[in-house]
Amino acid sequence: MENTKLENRYRIWTWILSIAIPVAVAVLFRVRIPNVEPLDFLPPIYAGINAATAILLILAVIRIKKGDRFFHEIFMKICIVLSLLFLVMYVAYHMTSDPTPYGGEGTLKYVYYAILVSHIILSITVVPFVLVTYVRASLGKFPQHKKIAKITFPIWLYVAVTGVIVYIMISPYYA
C-alpha cells in the first residue's frame, strides 16, 4: 500500500514538472533582465553539456546491456543533472541576450529550421518520459522501466545531439 502512495505522489510531481518546466521556460524566454551584460559565453558551454549528455546516454545503455546497473544508474543521474544545468544556462542566456537569427540561406535554412523545430518539440516531450523512466527505476519496477526507457532513450539522445547541431549551425551568426 505504501508503494502505491509513493507512486501516486511521483505521478503528481511528474505531471506538475512536465507542465511547469516548459511553461517556465516559455515565460522566462520572453523576460529580459535590464542593464545586464549578455551571457555570450554560455552557448558553447550548454552545447558541450548536450554533447556530454549524448555520450553519457550511450554509455549508460552500453553499461546496462552488459549488466552493470551501478554505472548505468550513475551515468543516468549525471545526464539528469546535466540536463538541469543546461536548462538553467539556456534560460539565463536568453534572459540576457536577444535571439540570434539564423543567417543561412537556401536548403540549409530549411534543414536548420526542421532540426530546430523537431528539437524544441521533442525537448518538451522528453521531460515526462525522463521523469517516468527515472521513477520506475527508483521504485524498482524494472520491467516497466525498461519498456519506457526504450522510448525515452532515442528521444533524449535526439534532443541532445540536435542541440549540438543547432548550436553548430547558428554559432557563426552570434553577434
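Which side chain meets that of lysine 141 in a salt bridge? In this predicted model, the partner is glutamate 7, at 2.8 Å from N to O. The two residues stand 134 apart in the chain. Lysine 141 belongs to the loop between H4 and H5, while glutamate 7 belongs to helix H1. The pair therefore links distant parts of the chain. Lysine 141 is partly exposed, at 23% relative accessible area. Glutamate 7 is buried, at 18%.

The whole structure holds 4 salt bridges. Side chains of opposite charge can pair when their charged atoms come close. Another bridge joins arginine 32 to aspartate 98, with 3.6 Å from N to O. This pair also links distant parts of the chain, 66 residues apart. Arginine 32 sits in the loop between H1 and H2. Aspartate 98 sits in the loop between H3 and H4. Arginine 32 is partly exposed, at 34% relative accessibility. Aspartate 98 is exposed, with a relative accessible area of 59%. A further bridge connects aspartate 68 with arginine 63, at 3.2 Å from N to O. Here aspartate 68 is buried, at 17% relative accessible area, and arginine 63 is partly exposed, at 25%.

Aromatic rings also pair. A search of the whole structure finds 13 aromatic pairs. One of them brings tyrosine 46 and phenylalanine 86 together edge-to-face. Their centres are 5.3 Å apart, and their planes meet at 85 degrees. Tyrosine 46 lies in helix H2 (residues 42–65) and phenylalanine 86 in helix H3 (residues 69–96), so the pair ties together parts 40 residues apart in sequence. Tyrosine 46 is buried, with a relative accessible area of 7%. Phenylalanine 86 is buried too, at 17%. Tyrosine 112 and tyrosine 113 form another edge-to-face pair, at 5.0 Å centre to centre and 75 degrees between the planes. Tyrosine 112 is buried, at 5% relative accessible area, whereas tyrosine 113 is partly exposed, at 35%.

Tyr46 and Phe86 also belong to an aromatic cluster. Its other members are Phe29, Tyr90, Tyr93, Tyr167 and Tyr174. Elsewhere, a charge meets a ring. The charged end of arginine 69 sits over the ring of phenylalanine 142, 4.0 Å from the ring centre.

Pockets were examined next. The largest pocket encloses about 1,200 Å³ of space. Its lining has 40 residues. Phe86, Leu87, Tyr90, His119 and Ser123 lie nearest the centre of this pocket. Helix H1 (2–29), H2, H3, helix H4 (107–138) and helix H5 (142–170) each give two or more residues to the lining. H4 gives the most, with 12 residues. By class, the lining of the largest pocket has 32 nonpolar and 8 polar residues, and no charged ones.

The second largest pocket has a volume of about 780 Å³. It is lined by 24 residues. Nearest the centre of this pocket lie Ile64, His72, His145, Lys146 and Ala149. H2, H3, H4 and H5 each give two or more residues to the lining of the second largest pocket. H5 supplies the largest share, 8 residues. The lining of the second largest pocket has 13 nonpolar, 5 polar and 6 charged residues.

Key
Residues are numbered from 1 along each chain as its sequence is written. This is a predicted model: local features need pLDDT of at least 70, side-chain atom pairs count only at pLDDT 80 or more; totals for chains, interfaces and linings use all residues. Side-chain values use heavy atoms; hydrogens and water are left out. Rings of Phe, Tyr and Trp (its six-membered ring) pair if their centres lie within 6.5 Å; planes under 30 degrees apart count as stacked, over 60 as edge-to-face and the rest as tilted. Helices (H or I, at least four residues) and strands (E, at least two) are DSSP runs, numbered from the N terminus. Buried means under 20% relative accessible area, exposed over 50%, partly exposed in between (1.4 Å probe, protein chains only). A charge sits over a ring if NZ of Lys or CZ of Arg is within 6 Å of the ring centre and within 35 degrees of the ring normal. On a 1 Å grid over the protein atoms alone, a cavity is a set of points where a 1.4 Å probe fits but cannot get out, and a pocket is an open set with protein on both sides within 12 Å along at least five of seven lines; lining residues have an atom within 4 Å of a point. Grid points are joined across faces, edges and corners, and a volume is the space filled by probe spheres set on the points. Ala, Val, Leu, Ile, Met, Phe, Trp, Tyr, Cys and Pro count as nonpolar, Asp, Glu, Lys and Arg as charged, and the others, Gly among them, as polar.
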